[in-house]
Amino acid sequence: MSEATKRSVPMLVWQVLLGAGLLSLWQVGVTYRWMDKFFFSRPSDVAERVWKMFATGSVWAHLATTMTEAALSFGIGVFAGVVFGFLLARNRWLAALLDPYIRIANALPRVVLAPIFLLWFGLGIWSKVALGVTVVFFIVFFNTYQGVREVDPVQLDNARMLGASERQLIRHVLIPSALTWIFSSLHISIGFAIIAVVVGEYLGASRGIGYTIAQAEGVFDTTGVFAGMTILAAVVLLVGAGVDRLERWLLRWKPNRDTSARQVG
Amino acid sequence: MSIVSVKLTNLARRFVSPKGNRYTAVQNISLDVGKGSFVSIVGPSGCGKSTILNMTAGLMEPSEGTIHVFGERLKGINRRASYMFQQDALLPWKTVVGNIELGLHLRGKDAKESRELALQWVDRVGLKGFADSYPYQLSGGMRKRAAMAQAWIVKPDIVLMDEPFGALDVHTRLRMEGEILRLWAESGETVMFVTHDLEEAIALSDEVVVLSAGPGSTIVGQYGVDLPRPRNLIDIKTEPRFGEFYRAIWSDLRKEVLKSYERSDEA
């Protein structure tokens, strides 16, 4: 294929072609018995299942549970992470005191906490929220801490000379400056929040997407597992796109690297 | 010139290096800056010019000595002073007008009046049409214009400037110096201006203060520059009297610059 065609066909077309190609390969492979349907299911079956889950409305209660858990763990985790990040970045003594314990806590694989949270908070949503918070908190905390520490001292001095009080410094200089860092952590932590609560549901729950996946697995229903995965992936992408828009608006003062790249290209 | 706006008495500032060595940046600094005068501080690089300015701003505490601002002992931030920094100090997340009105906003002034006044300043420093731009969209010279408005809008009694135009090209710099002189002539505040460029110092100032090479620099010369005002910065450097001032001050400064070369060679 010539260089000219490569450039004139938009990337989106290539991307769709790649996805469609892989899915057809899968579909054909199972239809002609090169792959076992029992273990691999089939894209058409998965699509049908997803459609049925939405058509009968059975998915909504599960989706609502998972999203509530994810939203709560995200909200609580971000709030706690930002507050602690600020506190420790502004208080060196406290930061030095807590440093080893934060490292230890962060070194723990969060999944092993899930059974303990299940014992503490029961089968309901709060055991999942707790798990999600432990994941989100550390990501946001470290980024906020770093963001506040990296504030340009000249900008701080300038605001001080212009009459800023300690509180005004936080509001006008520290928070906006740390926002870039906090936002880069939001992208990751929103995905992780959803993953964490699904893992929690998977290990013990009576509702949620993770629960439906676990149920399907229990009866070797691979189609059900893939259907759950598909819905999860779609939700994470949708929420991610929302965060993207919010970020673009909040960080509109930054040079837009995308635009400049487009101008050069 | 009878009122003293800034009085530095026996000022010294020591730093402790990470290795624990004590290092004296400046010492025995005594200087009276008259109200409404334009005073430049020149000296070889690393002689502690900025240190003096930062202490006068209240951003840094002197290790010894006192600072009086209009007769009052300075404690904490110097509330009667504005500061123009060498680096970019505009807040990148605020628009031009948002940056210019920041000082009024922080002092709790009425939002609508502040905005109106800030918009007047946008025009006044020649940024018409850029009020809603963000700093990254401006050139270096335009950012300096915004910084100028930001410092002047709060009607300070004293403006401190730390090589504010060091990063600009020669022509932009000349224009900015002209703007500074215009603003200063209109408002009549005291300016303390730090630079390593002697020509710039003579062209702008009423008085040039020469610092010795660091460490432990101190004032080695003070020269009144009574060139007539308003000054034409484009032609002033070719005037014979400018040359006389330049030669007189340079003979002092030259020694210090050579000393600072020797010391940096040793180090």
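Visitor: What makes the backbone nitrogen of Glu199(B) and the side chain of Asp197(B) a polar contact?

Guide: The gap does. In this predicted model, the backbone nitrogen of Glu199(B) sits 3.0 Å from a polar atom of the Asp197(B) side chain. The cut-off for such a pair is 3.5 Å, and 3.0 Å falls within it.

Visitor: Where does Asp197(B) lie?

Guide: Asp197(B) is in the loop between strand 8 (190-194) and helix 7 (198-204) of chain B. Setting aside neighbours within four places in sequence, Asp197(B) is in contact with Val42(B) and Arg173(B). For a sense of scale, Asp197(B) and Tyr23(B) are 174 residues apart in sequence and 26 Å apart in space, C-alpha to C-alpha.

Visitor: Why is Asp197(B) called partly exposed?

Guide: Its relative accessibility is 25%. Buried would need under 20% and exposed over 50%, so 25% lands in between and Asp197(B) counts as partly exposed.

Visitor: How do you know that Asp88(B) and Arg143(B) form a salt bridge?

Guide: Check the distance: their side chains meet at 2.7 Å, N to O. The limit is 4 Å, so the pair qualifies. This bridge links distant parts of the chain, 55 residues apart: Asp88(B) is in the loop between strand 6 and helix 2 (96-100) of chain B, while Arg143(B) is in helix 5 (residues 140-152) of chain B. As for accessibility, Asp88(B) has 36% and is partly exposed, and Arg143(B), with 21%, is partly exposed too.

Visitor: What makes Lys259(B) and Glu256(B) a salt bridge?

Guide: Again, it's the N to O distance, 3.2 Å here, set against the 4 Å limit. Both residues belong to helix 8 (residues 240-266) of chain B, and they are 3 residues apart, about one turn of the helix.

Visitor: Why is Glu256(B) called buried, and what is Lys259(B) called?

Guide: Glu256(B) has 6% relative accessibility. Buried means under 20%, so Glu256(B) counts as buried. Lys259(B) comes out at 32%, which makes it partly exposed.

Visitor: Which residues do salt bridges that share partners join into one network?

Guide: That would be Arg124(B), Arg145(B), Glu179(B), Arg182(B) and Glu186(B). Over all chains, a search of the whole structure turns up 24 salt bridges.

Visitor: What makes Arg160(A) and Asp157(A) a salt bridge?

Guide: Their side chains meet at 3.4 Å, N to O, and the cut-off is 4 Å. They are 3 residues apart in helix 9 (residues 153-161) of chain A, so about one helical turn separates them. Arg160(A) is partly exposed at 24% relative accessible area, and Asp157(A) is partly exposed at 21%.

Visitor: How many salt bridges cross between chain B and chain A?

Guide: The rule finds 0 salt bridges across that interface. There are, however, 7 residue pairs in polar contact between the two chains.

Visitor: What makes up the side of chain B that touches chain A?

Guide: By class, that side has 15 nonpolar, 5 polar and 4 charged residues. Strand 6 (81-84) and helix 3 (102-106) of chain B are the elements that give two or more residues to it. Helix 3 of chain B provides the largest share, 4 residues.

Visitor: How many residues does each chain bring to the contact, and how much area is buried?

Guide: Chain B brings 24 residues and chain A brings 21. Together the chains bury about 2100 Å², with 64% of it on carbon and sulfur atoms. On the chain B side, Trp93(B), Leu106(B) and Tyr136(B) lose the most area to chain A, together 33% of what that side buries.

Visitor: What does the secondary structure of chain B come to?

Guide: Chain B has 8 helices and 10 strands.

Visitor: Why is chain B called as compact as a globular protein of that length?

Guide: Compare two numbers. The radius of gyration of chain B is 19 Å, and the globule rule gives 18 Å for 267 residues; those are close, so the description fits. The C-alpha atoms of chain B fill a box of roughly 55 × 45 × 40 Å along the principal axes.

Visitor: How many of the residues of chain B count as buried?

Guide: Of its 267 residues, 54% do. And among contacts in chain B between residues at least 6 apart in sequence, 70% join residues at least 24 apart.

How values were computed: Residues are numbered from 1 along each chain as its sequence is written. Chains are lettered from A and ligands numbered from 1 in the order in which they are written. This is a predicted model: local features need pLDDT of at least 70, side-chain atom pairs count only at pLDDT 80 or more; totals for chains, interfaces and linings use all residues. Side-chain values use heavy atoms; hydrogens and water are left out. Contact means heavy atoms within 4.5 Å. Buried area is the accessible area (1.4 Å probe) that two parts lose on being put together, summed over both. A polar contact is a pair of N or O atoms within 3.5 Å; within protein, one must be able to donate a hydrogen and the other to accept it, and residues adjacent in sequence count only if both atoms are side-chain atoms. Ala, Val, Leu, Ile, Met, Phe, Trp, Tyr, Cys and Pro count as nonpolar, Asp, Glu, Lys and Arg as charged, and the others, Gly among them, as polar. The radius of gyration is taken over C-alpha atoms; the globule rule is 2.2 Å times the number of residues to the power 0.38. Buried means under 20% relative accessible area, exposed over 50%, partly exposed in between (1.4 Å probe, protein chains only).
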